[in-house]
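Colleague: Hi! Could you pull up the model so we can walk through some of the packing together?

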Amino acid sequence: MAVIDTLVEEFPALKSQTGAIELWKCTTGGSGLRKLSKIELKTGYSVDNLKSQTKGGIIYIIPLRSEIKVELSSTVGSRKMTSGNTVTVTCEKCQGKVPLADFLQHHSSCSGGVMKQEKADEIDLTDGDPPDDKYVSSGNSKENDMVYLRAILPNTDMYQLEKDLDRLGSAQLVIDEALAKQAFPPIKKIKTDKDMQSTSSAQQAGSSKTLTVAEKLDLLKTMFPQHDEHHIQNLLKENSYDISEACDDIFLSKPIFEKKKFKTLDELILHLEDKLSDNVYRVNVHTQSVYNDLLGFYKSSKFQPDRPLKIILNPAADYGGVLNHCYTLFFEQFRKQCFLQCESGYFLPVYQSSVIVTKLYVKLGTMIAHSISQDGPGFPFFCPSLFYYLVHGSINESIPIGINDIADAKKSYVANKVSNVTNENLEELNEDEDVMEVIGRCGEKGKVTMDNKCRIVQEIIMDEIYGQRKLLYDQIRTGLKINNFADILLHNQGHLNQYFIPNFSETVSMNHFKLENGDEAHKGYFQKFVSTNDQETLRQMLLNVTGKRSLPRTPIQVKFDAEVGDVIHSSTCEEELNLPNVFPNYEQFEIHVKGAIGTGQNPFNAI
């Protein structure tokens, strides 16, 4: 029994088990999900026995006693070898000798009485002296209890085990309850539609389709909801996509949370960029189908959160900064198709049950986080209340909202009418079918009174802002979790709110440009252009130069060069605007600049 001696030497806590242990091994197959099976005793746990049954790999040690002795002797007890083949251990309850193969069943039912000893040849693995009473529950350390439970119940979710341990207070009680519920079913392979359509040749060969990388990732995300998707994906990759090995590493690791607060937005963006790998993914996009091409990529299995994108645009003369331009066009088209504008100027998503099923808003959240992580544009259309819900996930954390935040025309009409009602027209209001219909859908059963009108207005507003739309907001929050972006957003919302909330007071001015060379006349032309044109035209110029409509964090360099001929050129990589020194007057200058920036359209090419 050198195996038992070696285990006791390596793991002294096993000595208190006095030989009451079992060895389990992983079965083969299962597409990376393998159940455990007990190694048969035969003539005891000998080296030859283990070699014949395991062929290498991990062996799991299962202690069978529910108690661990506190004071252990420093020496290994004597052993008594006889010619028989029965392996027995001493039960600490009844002090009887019990065959190891029957110990678990005996131990769970033993009442502590004196056991009648069978006269048989035996191998005695006890210390010789009967165990004393100095035992404590294995719950002495919750961490040890959890390791013990994971070994006994490998197919049970770790969070459920921890919850049951807190509820029952004993690891053994958790095991007993699990056994009563038959907690050892084999893990069945998850079947997808593709599995059901497997070819007959594969069936004849007896092979089963393994899980794809995406399916393994989804399964691990379900098993470990507290862990970041990027963290899970990295561990799965490090373990050569072996889901069993990745599961062990994830269990032993701690959930990663980003709690750092950054002093500046530049520092924050640099941190997000550093989290991305150097392995750039090239995406082919056509100028006439930016929305469908970009969304199709994020829906595909090719997308990986830690890989930045490089857009291969067809056709496009300028490849620098095209990614930001594509993100901008996508988000604007998404807003036009799926959002309604409120009187306040903010936007609310349109609720559709089909959108909930397709999880379209999860992809929106993912694309927002991925875009910002590459110093791209965000989605600056949300109302402040919605933004704070995306940050905190709680209505209690949202800021006050008003009637102007209502996008639905009928609800806005009713809310204004109820808010302005007086004693003179109160009866007329309660006879209005549209009013009663709207307040009824918001949960108000009675009529409007002067005492409850303010509460009814708030119910209409809450039903409009949240209500069914809350499902959409939760999907966006799910998408924002990639690369720990949601945690970063929580602790740095002051820096990042500009990517979600439009600032109507911010205007494009000469403060956002730096004039370098050129004659005074052309510098004057440019200054006049900025001061006299509307904000939409100036935002379009920003889009042409930076790929984003948002205000630049550093001034755009404006250069005047006679050598470029009459071509106006913008470099989105360097955020530079190059203007020729060839215009005889301001009118010609304005015509050429508006043509170059593509007022009313979305050009990618320099003119």
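Colleague: Which residues of H25 and H27 meet each other?
Modeller: This is a predicted model, to say that up front. From H25 you have Tyr525, Phe526, Lys528, Phe529 and Thr532, and they meet Tyr586, Phe589, Glu590, Val593, Lys594 and Ile597 of H27. Sorted by class, that contact has seven nonpolar, one polar and three charged residues.

Colleague: And at what angle do H25 and H27 pack?
Modeller: About 65 degrees, with the axes of H25 (residues 520–532) and H27 (residues 586–597) 10 Å apart. Their crossing is right-handed.

Colleague: Switching helices: how do H17 and H22 pack?
Modeller: H17 (residues 384–392) and H22 (residues 470–479) have axes 9 Å apart and an angle of about 55 degrees. That angle is why H17 counts as oblique to H22. H17 passes H22 in a right-handed crossing. Contact residues include Tyr389 and Leu390 on H17, and Tyr473 and Ile476 on H22.

Colleague: Now the strands. Which strands pair with E16, and in what sense?
Modeller: E14 (residues 556–560) pairs with E16 in the parallel sense over four bridges, with Lys559 partnered by Asn578. E15 (residues 569–571) pairs with E16 in the antiparallel sense over three bridges, and there Ser571 stands opposite Glu576.

Colleague: What links E15 to E16?
Modeller: A hairpin with four residues between the strands; Glu575 in the turn has a positive phi of about 55 degrees.

Colleague: Last one: are the E16 faces covered or open?
Modeller: Both are covered. Glu576 and Asn578 are buried on one side, and Leu577 and Leu579 are buried on the other.

Notes:
Residues are numbered from 1 along each chain as its sequence is written. This is a predicted model: local features need pLDDT of at least 70, side-chain atom pairs count only at pLDDT 80 or more; totals for chains, interfaces and linings use all residues. Side-chain values use heavy atoms; hydrogens and water are left out. Axes are lines fitted to C-alpha atoms, for helices over the stretch in contact, and angles run from 0 to 180 degrees between N-to-C directions. Helices (H or I, at least four residues) and strands (E, at least two) are DSSP runs, numbered from the N terminus. A crossing is left-handed if the near helix is turned anticlockwise from the far one by less than a right angle, and right-handed if clockwise. Contact means heavy atoms within 4.5 Å. Ala, Val, Leu, Ile, Met, Phe, Trp, Tyr, Cys and Pro count as nonpolar, Asp, Glu, Lys and Arg as charged, and the others, Gly among them, as polar. Angles under 35 degrees count as roughly parallel, over 145 as roughly antiparallel, 65 to 115 as roughly perpendicular and the rest as oblique. Buried means under 20% relative accessible area, exposed over 50%, partly exposed in between (1.4 Å probe, protein chains only). Two strands pair if DSSP finds at least two bridges between them.
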